[in-house]
Amino acid sequence: MLGGDAVAEAAEAARRDAANRIVDTSSGKDDGLNKCPKCGSSEIQYSLSSKSLVCAYCRHTWNEENAEQAFGLGSSIADLSGHTMASGTADVREDLTTVTLKCQGCGAEVVINVDQDLQARCHWCRQTLSINSQIPNGAIPDAVLPFQLTREEAIERIDAFTAKRRAFAHSRFKEEYVPDNVMGVYIPYLVVDGNLHTVLQGTGEVTTRQYTVTRGSGDNRRTETYYDADVYGVQRAFDLLVDDLTIESADRFNAKDNEQATNNILNAVQPYDTENAVAYNSNYLKNFTSERRDLNVQDVDDDVEERFLAIARAKALPTINRYDRGVRWEREGVAVRGTRWVAVYVPVWLYSYADSAAGDSLTHYIAVNGRTGTTMGSVPVSHPKIFAVACAAGTVAAVVGAIVGFSQFLF
């Protein structure tokens, strides 16, 4: 997809200067214990009311350090060279499903199925053991963006969303709608920064004359509009810095795979303030569910390049206003000088409705951004209602048209 010598030269320079590095973001706590910094208890959970971790014993509240600051990931994007990978983005190993932790309190060994849980209690001393070290199965991200909206606030937004669509909603959905089954879910994303050089080449047209031509006669009489335009070769080449581009990293929520569920709505509740993500601590996930990452960096490379190009096209728009007939980009390319990848869990309140009466048992989702409250989703509609409204609208239009025609006849 590369277009132009400038892109090729930038790509070659990027290869020469590449300095790939791995940033270790694991906690280093191999004993499996996340302890309260004040009293040492392992009884910790995330409180939505205080927006912080809370110790169940001494009631001490705190949050983990901002991930960018904790791991030195906040350096200038313009200085990126090669590929910087946080350790949570390592390739997923499908064969790694269980991890054994040795309890430092009593010496017992506790087995955790990391496909389902990231915490377990010691069956002897009852301490809470957590997966703290990075393991290559995609379940442990580098950072987590904690929930801000409460469950009650999410239900209010879901109620408001469905209320606006009740006129066309299927009666079965109205009867079975129970928003109380909303769940808080952490969805895995890969967040990437990019230092790029972009070249766009194509043709643009500028209108020089506009005129109309009347053809035919009687019922076949028609007027057609024509344009004369000058055609120019157009090229734009510029450096581009992309900050915190978020890419879905669970194949289940891929928008292309939505024949059985409307799971593509997750991207519609973006953006997320990923710059405020904190270093991963499994206690943020307590009382919530989480989806495991199953896509590697190379699996999303093509999608990332397409998004880089889309950003480049948008940046070029203010520079092509004079081409009033538009610009058609025929060759386009992006040379990546450097990238930085981080695996982040983002919060979503998710309501689901399985339309079992539908032929394909379609599952409808309504998602609420757990930080901003942005809401998007789908509800099953009644096609007869839509048809009836369309017919009524057509009838009204026909009546209005007849009245206008009759009035013209009178005058």
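Student: Why is there no bond between the sulfur of Cys39 and the closest cysteine sulfur?

Tutor: In this predicted model, the sulfur of Cys39 is 3.5 Å from the closest cysteine sulfur, which belongs to Cys55. A disulfide requires two cysteine sulfur atoms within 2.5 Å, so the sulfur of Cys55 is too far away for a bond with Cys39.

Student: What makes Cys36 fail to bond with the closest cysteine sulfur?

Tutor: The reasoning is alike: the closest cysteine sulfur to that of Cys36 lies in Cys58, at 3.7 Å, and this is too far for a bond, because the cut-off is 2.5 Å. The structure as a whole holds zero disulfides.

Student: How do you know whether Cys36 is buried or exposed?

Tutor: Cys36 has a relative accessible area of 3%, and buried means under 20%, so Cys36 is called buried. Cys39, with 41% relative accessibility, is partly exposed, because that class covers the values between 20% and 50%.

Student: Why is Asp243 called exposed?

Tutor: The relative accessible area of Asp243 is 52%, and the word exposed is used for values over 50%, so Asp243 belongs to that class. Asp243 is located in strand E12, which spans residues 222-248, and among residues beyond four places away in sequence it touches Ile77, Val192 and Asp193. The C-alpha atoms of Asp243 and Ile77 are separated by 7.5 Å, although these residues are 166 residues apart along the chain.

Student: And what makes Ser52 count as buried?

Tutor: Ser52 has 6% relative accessibility, and the limit for buried is under 20%, so the label fits Ser52. Ser52 is part of strand E3, residues 52-55, and, leaving aside residues up to four places away in sequence, its contacts are Gln45, Tyr46, Ser47, Thr61, Trp62 and Asn63.

Student: How do you know that the side chains of Ser52 and Ser50 make a polar contact?

Tutor: The distance given for this side-chain pair is 2.9 Å, and a polar contact needs N or O atoms within 3.5 Å, so the contact between Ser52 and Ser50 is counted.

Student: Which rings have the charged end of Arg322 over them?

Tutor: Arg322 lies over the face of Tyr232, 5.2 Å from the ring centre, and its charged end also sits over the ring of Tyr323, 5.0 Å from the centre. Both distances satisfy the requirement of being within 6 Å of the ring centre.

Student: What links Phe147, Tyr186, Phe288, Tyr345 and Trp349 into a cluster?

Tutor: Ring pairs link these five residues, and the structure holds eleven aromatic pairs.

Methods. Residues numbered from 1 in each chain as written. Predicted model: local features only at pLDDT ≥ 70, side-chain atom pairs only at ≥ 80, totals over all residues. Heavy atoms only, no water. Buried < 20%, exposed > 50% of the residue type's maximum accessible area, 1.4 Å probe, protein only. Phe/Tyr/Trp six-rings, centres within 6.5 Å; stacked < 30°, edge-to-face > 60°. Lys NZ or Arg CZ within 6 Å of the ring centre and 35° of its normal. Helix = DSSP H or I, 4+ residues; strand = E, 2+ residues; numbered from the N terminus. Polar contact = N/O pair within 3.5 Å; in protein donor to acceptor, adjacent residues only side chain to side chain. Contact = heavy atoms within 4.5 Å.
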